[in-house]
Amino acid sequence: LLALAAAMSACGQKQDIAAVPLEIDRSTSCELDGMLLADYPGPKAQIHYADAEHPAFFCDTVELFNTLLAGEQVRAVRAVHVQDMGKADWNEPKGHWIDAKTASYVLGSKREGSMGPTIASFATRADAENFAREYGGRVLGFGDVTLDMVDLRGGALHDSQM
């Protein structure tokens with residue numbers, strides 16, 4: 001393995017090491033609209049792109065999924081992190097970053113994030129199911145979220161079957 005790593009370095013290729021989530025501070029702003037993340041409730045997200053030193057932050061998981069699912073997304077992604085709302089304070093979420101691809105999500109709950117209706121993120125399906133029982137919505141995996149569920153033009157989460 002060491003020989004392979006050395007060979008890859010010698011060829012000028014970067015190793016694809018999963019990026020470590022960074023914490024937000026009072027100046028961290030949203031990639032899409034410049035909103036300060038610390039000023040708003042609900043789960044936040046970050047994407048670590050292969051071609052960027054610092055992650056792109058999102059003040060809401062709806063914005064995250066829209067960015068990842070939109071056809072315009074062509075940048076290579078090293079890692080995606082969301083907050084575990086089973087542990088983070090909903091009104092002032094800090095820390096508790098988890099791998100977005102292994103998280104469970106609740107779509108269509110009564111809890112709102114920075115942009116209104118949001119998709120709550122959880123490290124465990126049990127926490128997501130408990131949240132859905134209390135606040136409504138349905139539990140989904142990362143791959144179950146579709147672009148029509150995250151329309152940023154006002155259609156976000158307006159699923160008539162909820």
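Okay, let's start with what I'm calling an aromatic pair: rings of Phe, Tyr and Trp (its six-membered ring) pair if their centres lie within 6.5 Å, and planes under 30 degrees apart count as stacked, over 60 as edge-to-face and the rest as tilted. Searching the whole structure that way turns up 5 aromatic pairs.

Before I go on, the small print. This is a predicted model, where local features need pLDDT of at least 70, side-chain atom pairs count only at pLDDT 80 or more, and totals for chains, interfaces and linings use all residues. Residues are numbered from 1 along each chain as its sequence is written, and side-chain values use heavy atoms, with hydrogens and water left out.

Back to the rings. F65 and Y105 are an edge-to-face pair, because their centres are 5.1 Å apart and their planes sit at 80°. That pair links distant parts of the chain, with F65 in helix α2 and Y105 in strand β5, 40 residues apart. When I say helix or strand, I mean DSSP runs numbered from the N terminus: helices are H or I with at least four residues, strands are E with at least two.

So are these two rings buried or exposed? My cut-offs are under 20% relative accessible area for buried, over 50% for exposed, and partly exposed in between, using a 1.4 Å probe and protein chains only. F65 is buried at 2%, and Y105 is buried too, at 0%.

F65 also pairs with F142, this time tilted, at 5.4 Å centre to centre and 45° between the planes. F142 sits in the segment after β7 and F65 in helix α2, so this pair ties together parts that are 77 residues apart in sequence. F142 itself is partly exposed, at 22%.

Now, the sheet around there. It's an open one with 3 strands, ordered β6-β5-β7, and the pairing is antiparallel; for me, two strands pair if DSSP finds at least two bridges between them. The edge strands, each pairing on one side only, are β6 (116-122) and β7 (138-141). β5, residues 104-113, pairs with β6 over 6 bridges, and L107 has I119 in β6 as its bridge partner.

What packs on this sheet? Helix α2, residues 61-69, does, touching β5 and β6, where contact means heavy atoms within 4.5 Å. Its direction makes about 80° with that of β6; axes are lines fitted to C-alpha atoms, for helices over the stretch in contact, and angles run from 0 to 180 degrees between N-to-C directions. Then there's helix α3, residues 125-135, lying across β5, β6 and β7 at about 35° to β5.

More rings: W90, F122, F131 and Y135 form one aromatic cluster. Y135 also has R111 over its face, 5.0 Å from the ring centre. To count, NZ of Lys or CZ of Arg has to be within 6 Å of the ring centre and within 35 degrees of the ring normal. R75 does this with Y49, at 3.8 Å.

Last bit, the other sheet. This open sheet has 4 strands in the order β2-β1-β3-β4, with antiparallel pairing. Its edge strands are β2 (56-58) and β4 (97-99). β1 (residues 45-49) and β3 (residues 77-83) pair over 5 bridges, and A45 stands opposite V82 in β3.
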